[in-house]
Amino acid sequence: MATRTARPERTPARTAPAPAAPLTDRAPRNGALSELHLHGLGSIDDVTLELGPGLTVVTGETGAGKTMVVTGLTLLFGGRADQGRVRAGVRAGVEGRLVLPSDSPVWARAAEAGAEPDEDGSLILARTFSAEGRSRAHLGGRSVPVGVVSELAEQLVAVHGQTDQLRLTRPAEQRRALDRYAGAAHLALLEQHRTAYAAWRALAEDLDHRRSQARELAQTADVLRHGLEEIAAVAPEEGEDDALDAQARRLGDADALRSAADAARFALVGDVTGDLGGGDAEADASTALAVAERALAGSDDPALVLLARDLADAVAVVSDVAVQLAGYVADLDADPARLAEVLDRRAAITALVRKYADPGEGLAGVLAWAADAESRLSQLDVSDEALEALQVQRDAARAELDALSVQVTAGRQAAAAGFAAEVGAELAGLAMKNAQVSFQIDSDPEHPGPEGVDEVVLLMSPHPGAPTRPVHKGASGGELSRVMLAIEVVFAGADPVPVMVFDEVDAGVGGSAAGEIGRRLARLAAEHQVVVVTHLAQVAAFADTHLVVDKSPDTAQGVTATDIRAVRGEDRVRELARMLSGLADSDTGQAHARELLAVAAERP
């Protein structure tokens, strides 16, 4: 439903966005635009459109501003801003609410840009424009470059209009369309071709680089080999620097460490072995604990007996520590020669660290440099043997690529006739029964690319005797829109783009052909959300949502304002009658309108 929310003389207070319109069972599986808000664009002051799934048509008198809806959609999805569309003294804007499935690739790109979903899980997209031509884009509450919005638009919307054919007018897009029509097996083969192309290019570039930079690469390789030889001569092991530091400290401080360990053992158990210089401790810990344990153990009190057991455990712990201290002292090595050896080894490793490791990396940095140098050396070999082996690999990769290219070309040629026939059949029902479409596939095996060796162009002859030309050059605006519609109908179930917009796709068409356009748009809307600007009642009768654009002067401000409203029931009958006869209240026109609605309701 569309509502007029403000007059030019005041700016409305901004309210929280309404929840996204619920999607019915007919909702496109790839998502939909549930709401569109336009402000300050052309004659539109402030209008909010709630768009449902299926087919939405926009109608109205000539000059009422129907095309501003398409303009708003184009601007929302990154189209170029025309400052002439912005009202003087205001900042124009357009905002849309997208309802997307959780697996839509749009979410990943939006997250990269810092966007977040709204409270209801929808994605808000907005652009604002000044009369000076400056614009800003926002995605999920974050300011983003317009380029990000344009990138997302390729996955969200396809706009077909008389002056704005965004898709399928470029040969590369026509090639992709043919590939998609050829089916899943062909697309899998094409993916293999891309992989093979990348492998061949990598080998070819590596070989060219080695040949052209042989001298410099050889010098670099010498430096790496020298470094690896220096490191190999020392043969350091991971963690050895820390171990040497600890060993050097122990060897250098052996006397002090022995004295500390002996003093601790004497305090714990006395000189029981006679190796501590003789004498008795005034009260060594082991003896004191034993006396205390015996005193408690003879008691009849259970609590004291339990404590005696704890003291017995303490005596055992003290004895165990004393044994470990004796072992520690026995292992201490005060050999000056061994200390000198450790210090020399540590100095050699320190020299490697200074030369080959970044600050703070230590020996780990040396080992990492060596591993990287080994890897780089394998890519710097410019010997005749290495170059010959690399050339063999390159040629083998090219042979594999050429074989895949032949298969890709064959797949395209096989699909071209069927694709052209289906599009031609659709055009026959769109007042272009004499139009002939075909594909021109030019192959250049000497210059492969990631997509194969083919240049693909969609050709059309609008009528017998007319020359065959590329479709975007040989068709008028209305014809081109119908070609696009025919192609979209052929692809209806496979195209991932959720929103499709057609502007005046029925230009120059009348009679039964107009009804066929409406029927095909309705068929397309079974898989996508379709928005159509039309002047034909035969097309509008197929709509799930019918929006009418009204233009009226605002005498208070001396300007013309546009309102957009949804019509249903008798209001819709009156609008269709107006479109048919120019008279909304004509009995004949209304009868014809009801007949159109009845025919459209059958939706064969």
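**Exercise 1. A salt bridge between strands**

Determine which elements are tied together by the salt bridge of Asp550 and Arg565, and how far apart in sequence they lie.

*Solution.* In this predicted model, the side chains of Asp550 and Arg565 form a salt bridge with an N to O distance of 2.5 Å. Asp550 belongs to strand E15 (residues 545–554) and Arg565 to strand E16 (residues 559–566), so the bridge ties together parts that are 15 residues apart in sequence. The next step is accessibility, where partly exposed covers the range between 20% and 50% relative accessible area. Asp550, with 28%, is partly exposed, and Arg565, at 30%, also counts as partly exposed.

**Exercise 2. Two further salt bridges**

Work out where the partners of the bridges Glu61 with Arg578 and Arg109 with Glu112 are placed in the chain.

*Solution.* The count of salt bridges comes to 22, and in one of them the side chains of Glu61 and Arg578 meet at 3.4 Å, N to O. Glu61 sits in the loop between strand E4 (55–60) and helix H1 (67–76), while Arg578 sits in helix H18 (residues 569–581), so that the pair links distant parts of the chain, 517 residues apart. Since buried means under 20% relative accessible area, Arg578 at 16% counts as buried, whereas Glu61 at 46% is partly exposed.

For the second pair, the side chains of Arg109 and Glu112 meet in a salt bridge at 3.4 Å, N to O. Both residues lie in helix H2 (residues 105–112), 3 residues apart, which is about one turn of the helix. Arg109, at 18% relative accessibility, counts as buried, but Glu112, at 62%, counts as exposed.

A network of salt bridges can be added to these pairs, and it links Glu426, Glu516, Arg519, Arg520 and Arg523.

**Exercise 3. Aromatic pairs**

Classify the ring pair of Tyr197 and Trp200 from the distance of the centres and the angle of the planes, and then do the same for Tyr356 and Trp369.

*Solution.* The structure holds 4 aromatic pairs. The ring centres of Tyr197 and Trp200 are 5.9 Å apart and the planes stand at 55°, so the pair is tilted. Tyr197 and Trp200 are both located in helix H5 (residues 184–212), 3 residues apart, or about one turn of the helix, and both are buried.

For Tyr356 and Trp369, the centres are 4.6 Å apart and the planes stand at 45°, so this pair is tilted. Here the pair links distant parts of the chain, with Tyr356 in helix H11 (residues 336–356) and Trp369 in helix H12 (residues 363–380), 13 residues apart. Tyr356 is buried at a relative accessible area of 11%, while Trp369 is partly exposed at 22%.

Trp200 has a further set of partners, for Arg201 lies over the face of its ring, 5.2 Å from the ring centre, and Arg398 lies over the face of Trp200 at 4.8 Å from the ring centre.

**Exercise 4. The nonpolar cores**

Identify which residues of the largest nonpolar core touch the most other members, and which helix gives the most to that core.

*Solution.* The largest nonpolar core has 54 residues, and Phe419, Leu427 and Leu521 touch the most other members. Helix H15 (residues 477–490) gives the most to this core, with 8 residues. Another core, of 45 residues, lies apart from it and includes Leu51, Phe77, Ala110 and Val159. Phe419 also appears in a cluster in which ring pairs link Tyr181, Phe419 and Phe439.

How values were computed: Residues numbered from 1 in each chain as written. Predicted model: local features only at pLDDT ≥ 70, side-chain atom pairs only at ≥ 80, totals over all residues. Heavy atoms only, no water. Core = buried A, V, L, I, M, F, W, Y, C linked by side-chain atoms within 4.5 Å. Buried < 20%, exposed > 50% of the residue type's maximum accessible area, 1.4 Å probe, protein only. Helix = DSSP H or I, 4+ residues; strand = E, 2+ residues; numbered from the N terminus. Phe/Tyr/Trp six-rings, centres within 6.5 Å; stacked < 30°, edge-to-face > 60°. Lys NZ or Arg CZ within 6 Å of the ring centre and 35° of its normal. Salt bridge = Lys/Arg side-chain N within 4 Å of Asp/Glu carboxyl O.
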